[in-house]
Amino acid sequence: MASSRPDSRQPRPKVSGRVAGIAVLACFVAGCVPGVPVPLSPGGGVVTSQLEGADRVAVAISASTQLSARGAVPVVYLVAANPDSEAAAAAPAAALEGGAILHAGATALAPAVATELARLAPDRVEIVGGTSTIGKAVVGQVSSLLGEGASVERIAGRTAPETAALLSAGLFAPSAPIAFVASADAYFDALVAASAAANVKAPLLLVTRDTLPSSTAAELRRLSPDRLIVVGGKSAVSEAVLAGLRTVVPVVEQISGSDRYSTAAAVATKLFAGAESVLATAGTADLGALAAIPLVAGVAPDGTPLLLTQPGEQLPVATRDALMALEPAFICIAGPLPPLIRGELIGYSDGRLGLPVETATYPALDSGWHEPGELYTVIKATEIAYPSLVSVFSIGKSAEGRDIWAAKISDNVSIDEDEPEVLVDALHHAAEHLGVEQALYLLNTLTSGYATDKEIRRLVDSREIWIIFAVNPDGWVYDISGGEYHWWRKSRQHNFNNPNLGVDLNRNYSYMWGCCGGSDSRVWAWNYRGPEPFSAPETRAVANFVAGRVVNGEQQIKTHVTLHSHGEMVLYPMSYTLQRLPSDMDPTDYSVFQAMARKMAATNGYKAQQSSQQYPTDGDEIDWMYATYRIFSFTFELYPTEEQAGKGIVYPSDDVIARQTARNRSALLYLIDAAACPYAAIGKAAQYCAAVAASPSG
Ligand code: CA
Ligand code: CA
Ligand code: ZN
């Protein structure tokens with residue numbers, strides 16, 4: 001987009017042309033991370049810079065500090081500590097003048113703000129808003145901080161639109177190519193509009209939902225822009241106001257989405273399609289976004305549009321789509337955002353995220369469950385947020401060609417260190433959704449707790465933990481397809497010469513496959529074991545992965561749990577027989593299984609028992625794990641109990657997720673710890689694990 005004619009008070013020459021722009025962009029990025037020079041790396045991934053600060057006041061100081069690293073800051077706009085649309089209108093003005101925005105309290109400056117203002121020593125301070133917003137005492141304080149000849153002015157109308165009109169009138173020349181309008185009552189729309197306006201050196205004017213203030217109309221007549229862009233939908237700016245604007249400016253365009261996130265995304269993609277950098281910040285409270293706008297605006301040649309994040313662990317869909325469309329090479333993050341949100345911002349920017357989106361979704365009431373299409377996004381964002389601790393990979397493809405996603409968690413994650421290994425897997429059975437949440441809970445616990453929790457850090461540093469999040473992605477997708485539940489259990493593999501689909505994946509392992517009536521040979525049966533052992537690509541993928549953990553002849557995985565639901569049970573081998581000690585179960589190992597299961601059950605309130613006591617199953621995973629590799633392998637049957645399930649809780653509501661996954665924290669950490677020497681559970685570490693027993697940390 002073209003920029004407006006520079007006002008005579010504008011101190012900075014306009015940078016034009018792509019080469020010059022890129023050079024300036026490099027300065028901007030380097031300047032956005034104090035003291036850390038960041039080289040431009042085309043195609044080498046996204047460069048992220050962070051405006052640090054505990055709150056918006058501190059983030060604003062961080063922005064002004066970085067702005068001043070480029071040269072003298074001629075003017076500071078002081079806005080309310082709790083900024084509204086009136087304050088937002090100051091951002092295009094500050095950007096045009098190369099000025100900074102700082103926040104002031106109603107009666108005083110925060111000490112850090114006073115210090116920063118004195119350090120900046122601007123020629124001019126503009127106080128935005130009336131005395132009820134920033135009082136006279138602040139004016140006196142500011143004056144005392146500035147040098148001889150510096151001026152302190154107040155820009156205040158009776159209303160926010162009047163103040164915005166005054167800001168525009170004082171700075172922006174007539175015959176402007178473009179001007180922006182937003183509602184004074186929709187702060188984030190105004191913020192998005194302020195960002196867009198600042199990027200193209202245009203003013204921001206304000207209306208209310210139902211009125212076009214005369215001051216706004218008069219200023220628009222003076223500006224006489226070729227093009228007027230209204231940011232926000234009909235609920236923010238009414239048809240009547242739009243019609244009024246059209247009587248003043250011939251060309252009025254409205255850009256909006258269904259919410260603030262999609263409005264920001266629409267502005268970014270419609271007006272800044274070529275942008276190579278974005279400003280990202282929280283969309284629920286201003287964490288410093290307003291003050292960041294003058295720092296980033298107008299520096300990159302194609303603009304630095306603003307995108308918004310929401311609470312939780314995922315980006316709004318609109319923000320994600322905008323990042324995929326823009327593929328920015330640079331992100332400036334204003335204010336503290338959660339690590340997973342940062343990871344996703346970066347991942348969508350550099351193409352590490354953005355696989356074809358799986359469209360199966362949970363029924364609307366259960367939207368708290370992670371969708372199949374969100375799984376990869378969440379685990380990959382975790383890898384991006386914790387690159388030294390998490391490595392995401394696929395163990396293979398399902399029958400319908402979906403990746404079976406897994407992650408390794410350990411210190412020095414890229415190196416195969418000589419550390420005891422643990423495997424956790426989930427969702428052999430399609431309808432058992434809570435297992436995926438449990439696996440994600442573990443990933444989150446091990447990463448988010450690493451910096452602060454000594455026990456988590458010890459385990460992550462001394463173990464290699466593998467998580468397979470959904471062994472049966474096809475069944476999962478089918479089970480929730482169409483936004484309703486299908487009571488599905490098996491995979492979705494085609495069976496030879498038979499219309500019934502799928503195999504019970506937990507009857508398809510090779511050990512004692514089909515031996516003992518613990519599975520069914522009939523294709524339509526709910527526990528169909530398949531035509532032969534490992535006929536399913538999903539179980540083959542698990543088996544191949546586990547086989548791959550044999551290093552120098554020794555299986556590295558020592559403990560394992562497979563997550564199922566329901567029953568609230570901790571189960572251990574053998575599954576195929578009711579005998580406690582068949583010839584293939586070592587008596588000592590059996591006592592270890594019992595002891596470990598009881599320890600875990602004591603922490604989560606589950607029932608510990610041999611798997612076959614529930615009902616005998618053959619060809620299942622835990623028998624195969626133990627019999628093939630002597631892995632101490634367990635099944636967790638998660639919430640709810642059989643009795644609760646009998647009353648109808650087969651598909652629990654999403655409000656159980658947090659409590660029912662946190663419930664297994666101790667049991668899972670114990671299983672991870674126990675990988676060093678499962679025999680410690682029966683006090684026989686010295687006998688079975690000499691090296692561990694000798695080590696004080698073992
Ligand atoms: Ca390690
Ligand atoms: Ca290893
Ligand atoms: Zn199951």
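Rings of Phe, Tyr and Trp (its six-membered ring) are said to pair if their centres lie within 6.5 Å, and such a pair counts as stacked when the planes are under 30 degrees apart, as edge-to-face when they are over 60, and as tilted for the rest. In this structure, ring pairs link Tyr572, Tyr590, Phe593, Tyr626, Phe632, Phe634, Tyr679 and Tyr688 into a cluster. The structure is a predicted model, in which local features need pLDDT of at least 70 and side-chain atom pairs count only at pLDDT 80 or more, while totals for chains, interfaces and linings use all residues. Residues are numbered from 1 along each chain as its sequence is written, chains are lettered from A and ligands numbered from 1 in the order in which they are written, and side-chain values use heavy atoms, with hydrogens and water left out.

A search of the whole structure finds 24 aromatic pairs. One of them joins Phe593 and Tyr626, whose rings meet edge-to-face, 5.3 Å centre to centre with 75° between the planes. Because Phe593 lies in helix H20 (residues 587-604) and Tyr626 in helix H22, this pair ties together parts that are 33 residues apart in sequence; helices here are DSSP runs of H or I with at least four residues, and strands are runs of E with at least two, numbered from the N terminus. Both Phe593 and Tyr626 are buried, a word that stands for under 20% relative accessible area, with exposed meaning over 50% and partly exposed in between (1.4 Å probe, protein chains only).

A further pair is formed by Tyr606 and Phe636, whose ring centres are 6.3 Å apart and whose planes stand at 80°, so this pair is edge-to-face. Tyr606 belongs to the loop between H20 and strand S23 (607-610) and Phe636 to strand S24 (residues 632-638), so the contact ties together parts that are 30 residues apart in sequence. Tyr606 counts as buried at 6% relative accessibility, and Phe636 is buried with a relative accessible area of 0%.

Helix H22 (residues 621-629), which holds Tyr626, also has Glu621, Ile622, Asp623, Trp624 and Met625 among its buried residues. The N-terminal end of H22 is capped by Asp620, a side-chain oxygen of which lies 3.4 Å from the backbone nitrogen of Ile622. After H22 comes Arg630, whose phi is positive, near 55°.

Elsewhere, helix H2 (residues 56-68) has 13 residues that should span 18 Å at 1.5 Å a residue, and its end C-alpha atoms are indeed 18 Å apart; the expected span is 1.5 Å times one less than the number of residues. Since 10 of the 13 residues of H2 are buried, this helix is largely enclosed by the rest of the structure.

The two calcium ions come last. Their donors are N, O and S atoms within 2.8 Å of the metal (3.2 Å for Na, K and Ca), and water is not among the atoms, so sites may look incomplete. For the calcium ion (ligand 1), the protein donors are Ser410 (OG), Asp411 (O), Asp411 (OD), Glu417 (OE), Glu419 (OE) and Glu419 (OE), at 2.2 to 3.0 Å, and Ser410 is buried with a relative accessible area of 0%. For the calcium ion (ligand 2), the protein donors are Asp416 (OD), Glu417 (O), Glu421 (OE) and Glu464 (OE), lying 2.1 to 2.4 Å from the ion, and these follow the spacing D-E-x3-E-x42-E along the chain. Glu421 is buried, with a relative accessible area of 0%.

Conventions
Polar contact = N/O pair within 3.5 Å; in protein donor to acceptor, adjacent residues only side chain to side chain.
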